[in-house]
Amino acid sequence: MTTASFDHARSTDRRSRNRIRKRKTSRMDRFSNLPIEIAHEIMSRLNFKDLTRVGCVSKACREFYISTPYLNFHDFSGVDISTRRKNKKVFNSLKRFFIQRGVHLKIQCFRFRWCFFDDDHDEDFRLRLREWIEIAVRCNVEVLHLVVTYIRFGELPASILHCKSLKSLLVDMKCTISDVPFIDFLSNLDYLRLKDVSIKDEDDRFLKWISCCCTSMKELLLKDCGFWHESDFYHIPERHVNISGDRLKKLHLNPQLRRKTKKWVNIYAPNLKCLEWFGECTTSQNLGNLMCLEKAEISSSIPICNHDILIDFLCSIRKVKVLILHPDILELLWLNMDDRKWQDLSFISQAKEVVIPYDDYEPDIEPAYSILEHAHDLEKMTIYYPHCFDAHDDLTDVYDDLMELRTEVMSKGIHFNIITTSRGSSLLSSIQSLADFV
């Protein structure tokens, strides 16, 4: 073989080896070689279906799948649960996953959202979910979010509120809390959001525990939560709702209390930035000085309000950037206020943005003019209206009224926006949905 032929053969062999090396590199499972912490972080962003697919790729991926500390069972996109049989099939897959996983691996986050409508297996579902919650608590869970519809869960495991590691708790399902920690049990909860939860509150113990022991609480949401005593079957002359927290930034309160009971609501949260009040205005409220407030949404849970108490309540709000006034409150102000009283509501005069979410096809637009007249620093006004206008409907008068309001607002250099929605949807559902937290 000549020197030239030898060099050519060697060069060809080198190119062949390079192609083989590149082909092997392209087929390499790089994910399996990642550090376990990075692999878990990547898998935390997958829904349940994609997470299961990753677990079938290789032995290493299966280990990542089984040991992941992020159990995000709130997104079943791509999973068919349109029938009871398919619903049960997915639920059985979750049971197999927990059996494979065991009870000793770290669980940092457990998010679970389920629409369960199989009456024949309600009890099995409750037992299984209660078992999984207990496993999460035992594994020092930090984030626990539970959203379940179409089923009454019953008693929430007492271990949840007694969990030292828990930092974020969201419960959106019909259930009961009856075992509240003692006042000396310090909690690390930063976020507590409860919806449709019935709370046994003997001696106001639940709210006392939140105020005294949840010292790091930044957000408290109590929506459609009922507070009850064993003595509620008898007459209780007074009830007190006391909430305090130096670190509290966001508060949503809609207490469901008995109608014939005097109610006293006291809130001490000097650093509160967001207040969403959907309570009764037939009680006595003391909000303190909310000097850091950036957003306030005010509505009443009942149609009849005590006007004097409402005014005292609103005067507690010194200033706010975004003001959301529901029509029930706005109309009550408009019917009972003169110019001097309007001047006392300093938070209206200093508001930068006002939002009015109408829920009626034929709303009264006049109260919006009063807001426009007295909100001297206003930069933006937004109207939510539950109807989409077209050329064939019979709401031309309402449309003309809104256009006149628009002209008046824009003539003062204020930005005006109308957002049409379907009937029954509200601003509350669009910006406060508990599902957004999950």
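1. Phe-206 counts as buried because its relative accessibility is 0%; buried means under 20% relative accessible area, exposed over 50%, and partly exposed in between (1.4 Å probe, protein chains only). Trp-209 also counts as buried, because its relative accessibility is 0%. Both residues lie in helix α7 (residues 205-213), three residues apart, about one turn of the helix. Helices (H or I, at least four residues) and strands (E, at least two) are DSSP runs, numbered from the N terminus.

2. The basis of the values should be stated. This is a predicted model, in which local features need pLDDT of at least 70 and side-chain atom pairs count only at pLDDT 80 or more, while totals for chains, interfaces and linings use all residues. Residues are numbered from 1 along each chain as its sequence is written, and side-chain values use heavy atoms, with hydrogens and water left out.

3. The structure holds 16 aromatic pairs. Rings of Phe, Tyr and Trp (its six-membered ring) pair if their centres lie within 6.5 Å; planes under 30 degrees apart count as stacked, over 60 as edge-to-face and the rest as tilted. One tilted pair is Phe-91 with Trp-132, at 5.6 Å centre to centre and 50 degrees between the planes. This pair links distant parts of the chain, since Phe-91 is in helix α5 (residues 84-101) and Trp-132 in helix α6 (residues 122-138), 41 residues apart. Phe-91 and Trp-132 are both buried. Phe-206 and Trp-209 form another tilted pair, with 6.4 Å centre to centre and 45 degrees between the planes.

4. One aromatic cluster includes Phe-91 and Trp-132, together with Phe-48, Tyr-65 and Trp-114, among others.

5. A negative surface patch includes Asp-328, Glu-331, Glu-366 and Asp-397. The elements that give two or more residues to this patch are α9 (327-336) and α13 (396-411), and α13 gives the most, with four residues. Patches are made of residues with over 30% relative accessible area and no salt bridge (a side-chain nitrogen of Lys or Arg within 4 Å of a carboxyl oxygen of Asp or Glu); like charges are joined within 9 Å, and nonpolar side chains (Val, Leu, Ile, Met, Phe, Trp, Tyr) within 5 Å. Glu-366 is found in helix α12 (residues 366-374) and is partly exposed, because its relative accessible area is 40%.

6. A positive surface patch is formed by residues including Lys-218, Arg-247 and Lys-319. Lys-319 is found in the loop between α8 (307-315) and β13 (322-325). Lys-319 counts as partly exposed because its relative accessibility is 35%.

Note on methods
Accessible areas come from the Shrake-Rupley method with a 1.4 Å probe; for residues, only the protein chains shown count as cover. Lys and Arg count as positive and Asp and Glu as negative; His and the chain ends are not counted. The place of a charge is taken as NZ of Lys, CZ of Arg, CG of Asp or CD of Glu.
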